[in-house]
Amino acid sequence: MRRLFGLLICALLAFAALSSGRAANPATPSPMATPFDCPITRPSGKQPPEVANLGGMDGFGNDALWVSLVMWSEQPGIVEVPNDDHLLPDGTVQDLKWAWYRYASGKLTIEGHRLDAPAPPLTAWIPEGYGDTGFQVSGITFPTDGCWELTGHLDGTASLTFILLVKYPLEFVPKPAAVPTRTPSDCPVTQPNGNDPPPDYIGGTGGYGNDALWSSLTMWSERPGIVEVPNDAHLTPDGRVVGMKWMWYRYLRGTLTIDGRRLDAPALPLEARIPDGYGDIGLQVSGITFPTDGCWEITGTVGNKGSLSFIVQVIYPNDFTPIGTPEPKWTPTP
């Protein structure tokens with residue numbers, strides 16, 4: 001078991017080193033943009049035996065949890081963001097791998113907020129397959145750089161809080177998302193109602209639900225009910241918005257189906273792809289394709305047991321104009 005743990009740690013360190021190596025000189029960290037003095041957490045000297053035997057893994061821990069402080073820098077508590085696919089143009093730092101160790105038994109959840117400036121909370125991904133004690137890998141996404149306080153929880157019975165300084169590469173300046181030219185003022189977009197699933201299943205709030213289903217309203221914008229279409233492979237020249245990932249949670253057992261229609265103009269119905277592998281209750285990921293922008297009503301149904309309807313406004317990027325007419329995939333039923 002100890003040998004397996006060591007191999008996992010080494011692989012994780014190699015991944016972090018490779019990611020940092022890809023950044024090369026452009027990834028040299030820049031000074032903070034604000035004079036805020038970030039009280040970075042320093043190593044506590046407490047390490048799991050498996051980690052201590054490896055060496056070079058400064059971390060911070062208590063009787064319940066331990067976390068590495070040197071995943072993305074040789075300086076404890078400093079996250080030097082690599083200038084690669086972890087860094088998005090808007091400044092989001094996505095999917096940084098992180099190593100934890102659980103001395104106590106329990107499921108790990110992670111939350112965090114920025115201390116030195118307003119920012120959305122971080123999001124965390126906790127993969128299955130690591131048992132209920134010992135080593136645990138996670139993925140963490142920081143919405144911005146800055147001074148961040150993170151807390152790991154074990155089933156709500158124990159926690160560990162620490163502070164990191166996240167630093168963008170030298171000369172990197174986030175590019176704010178373009179302000180949409182179309183406004184959602186005429187579309188009665190649905191707002192969150194507080195009926196959210198357990199946070200360890202979804203990792204956040206900002207959705208809408210009832211006794212049968214829940215769905216996210218902030219998958220593609222920080223504004224609930226607004227879908228800001230990215231100017232990438234999701235958007236075709238004719239204006240189709242293809243394969244938008246969408247999160248659902250089923251409170252009842254059953255297969256999810258999705259349909260939807262545009263409310264403010266004629267359009268083909270939306271298309272939905274619902275992959276297998278999510279069981280018959282709980283979390284379900286889907287892909288939604290909107291034939292056009294506009295005001296859309298979406299309805300999810302769980303078998304014949306219950307359904308959930310909500311309204312979103314789909315907004316094209318600034319200055320985007322469709323070329324031609326979206327090619328129908330089928331003839332709408334009258």
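Leucine 154 touches Ala64, Leu65, Arg102, Ala104, Gly106, Lys107 and Leu108, when residues up to four places away in sequence are not counted; contact here means heavy atoms within 4.5 Å. One of these partners, lysine 107, is 47 residues apart from leucine 154 along the chain, yet their C-alpha atoms are separated by 5.4 Å. Leucine 154 has a relative accessible area of 0% and is therefore buried, a term that means under 20% relative accessible area, whereas exposed means over 50% and partly exposed lies in between (1.4 Å probe, protein chains only).

The model is predicted: local features need pLDDT of at least 70, side-chain atom pairs count only at pLDDT 80 or more, and totals for chains, interfaces and linings use all residues. Residues are numbered from 1 along each chain as its sequence is written, and side-chain values use heavy atoms, with hydrogens and water left out.

Leucine 154 belongs to strand S8, which covers residues 146-154. Strands (E, at least two residues) and helices (H or I, at least four) are DSSP runs, numbered from the N terminus. Strand S8 is part of an open sheet of four strands in the order S3-S9-S8-S5, with mixed pairing; two strands pair if DSSP finds at least two bridges between them. Strand S3 (78-80) and strand S5 (108-114) are the edge strands, each pairing on one side only. S8 and S9 pair in the antiparallel sense over nine bridges, and threonine 151 stands opposite threonine 161 in S9.

Another buried residue is glutamine 136, with 3% relative accessibility, in strand S7 (residues 134-142). A polar atom of its side chain lies 3.3 Å from the backbone oxygen of proline 127. Beyond its neighbours within four places in sequence, glutamine 136 is in contact with residues including Trp98, Trp100, Arg102, Leu108 and Tyr130. Arg102 and Leu108 also appear among the contacts of leucine 154.

The backbone offers a further topic. Most residues other than glycine have a negative phi. Which sign does phi have in aspartate 95? Aspartate 95 has a positive phi of about 55 degrees although it is not a glycine. This residue lies in strand S4 (residues 93-102) and, at 39% relative accessibility, counts as partly exposed. Glutamate 171 also has a positive phi, near 70 degrees, and is not a glycine. Glutamate 171 is found in the loop between strand S9 (158-167) and helix H3 (199-202), and its 71% relative accessibility is why it counts as exposed.

Note on methods:
A polar contact is a pair of N or O atoms within 3.5 Å; within protein, one must be able to donate a hydrogen and the other to accept it, and residues adjacent in sequence count only if both atoms are side-chain atoms.
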